[in-house]
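Please open the structure in your viewer and keep the selection tool at hand. We will go from one selection to the next, pausing at each to see what is there.

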Amino acid sequence: LIRSSTGHDLSHYKQTTLRRRIERRMAVHQIDQMKNYVKFLQQTPAEVDVLFKDMLIGVTSFFRDPEAFQILEEQVMPALLENRSPDTTIRIWTVGCSTGEEAYSLAILISEIMEKMKHHLNIQIFASDIDPEAIDRARSGIYPESIAAEVNRERLRQYFTKEGNTFEVKKQVREMIVFAVHNIAKDPP
């Protein structure tokens, strides 16, 4: 039903994840048998879309995996950036970017490293996700003030603008990233 409604094939997703998400939706509608939920899906096309959105696990945050970002900061990025001519363009792709926090974290980290090295290059980050709504949120670059728990005060000051109870990613960072809806399973590079 999801494949025929959305065009997206989830057959390679973990079966346990699929079952958990289906069971959660069944509980929401107080449906106790799978066959009854299938009938409900057939009669309620909007529920198919909701179930599909539920399958798209959008777990993300700024600098979510500190250990990985430390390795990027100390080993990977300096090696990638050093000894490059100033007209070099470095391209990075983050797949399954959800609402953009990882892509913005990479852009911020790279900006800091280039500033520390006094070696500025053209950086293009391509950030893709299957969910158009998540991509729209990512493109906006606007996040709730609760990100202050993930992003230190100095980074908030340097890379974000406080607007009411939100933080907006500054233009210099947003311009490093191109967000696009892309299904890598359907259209691999």
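The tour visits a pair of helices and then a sheet, in a model that is predicted.

**Stop 1: two helices that cross**

Begin by selecting residues 34–43, which are helix 3, together with residues 45–55, which are helix 4. At what angle do the axes of helix 3 and helix 4 cross? They cross at roughly 110 degrees, and the two axes come within 5 Å. Because an angle from 65 to 115 degrees counts as roughly perpendicular, helix 3 is described as roughly perpendicular to helix 4.

Now show the side chains where the two helices touch: helix 3 contributes Tyr37, Phe40, Leu41 and Gln43, while helix 4 contributes Pro45, Glu47, Val48 and Leu51. Sorted by kind, the residues of this contact are six nonpolar, one polar and one charged.

**Stop 2: the two sides of helix 4**

Keep helix 4 selected and colour Glu47, Val48, Leu51, Phe52, Asp54 and Met55, which are its buried residues. If you look down the axis of helix 4, these buried residues fall within an arc of 160 degrees, so they line one face of the helix. On the face turned away from that buried side you will find Pro45 and Ala46, which are exposed. To see what covers the buried residues of helix 4, add helix 1 (2–6), helix 2 (15–28) and helix 3, which are among the covering elements.

**Stop 3: the sheet**

Next, select strand 3 (142–144) and strand 4 (160–163), and add strand 5, residues 166–169. These three strands form an open sheet in the order 3-5-4, with antiparallel pairing. Strand 3 and strand 4 are the edge strands, each pairing on one side only, and the twist from one strand to the next averages 30 degrees.

Look at the pairing of strand 3 with strand 5, where three bridges join the two strands. Here Ile142 has Glu168 as its bridge partner, and Tyr143 has Phe167. Move across to strand 4, which is joined to strand 5 by four bridges, and find Lys162, which stands opposite Phe167. Strand 4 and strand 5 also form a hairpin with two residues between them, and Gly164 in that turn has a positive phi of about 60 degrees.

**Last stop: the faces of strand 5**

Which residues of strand 5 lie on its covered face, and which on its uncovered one? Phe167 and Val169 are on the covered face, whereas Thr166 and Glu168 are on the uncovered face.

Note on methods
Residues are numbered from 1 along each chain as its sequence is written. This is a predicted model: local features need pLDDT of at least 70, side-chain atom pairs count only at pLDDT 80 or more; totals for chains, interfaces and linings use all residues. Side-chain values use heavy atoms; hydrogens and water are left out. Two strands pair if DSSP finds at least two bridges between them. Axes are lines fitted to C-alpha atoms, for helices over the stretch in contact, and angles run from 0 to 180 degrees between N-to-C directions. Buried means under 20% relative accessible area, exposed over 50%, partly exposed in between (1.4 Å probe, protein chains only). Angles under 35 degrees count as roughly parallel, over 145 as roughly antiparallel, 65 to 115 as roughly perpendicular and the rest as oblique. Contact means heavy atoms within 4.5 Å. Ala, Val, Leu, Ile, Met, Phe, Trp, Tyr, Cys and Pro count as nonpolar, Asp, Glu, Lys and Arg as charged, and the others, Gly among them, as polar. The arc is that of the directions from the helix axis to the C-beta atoms.
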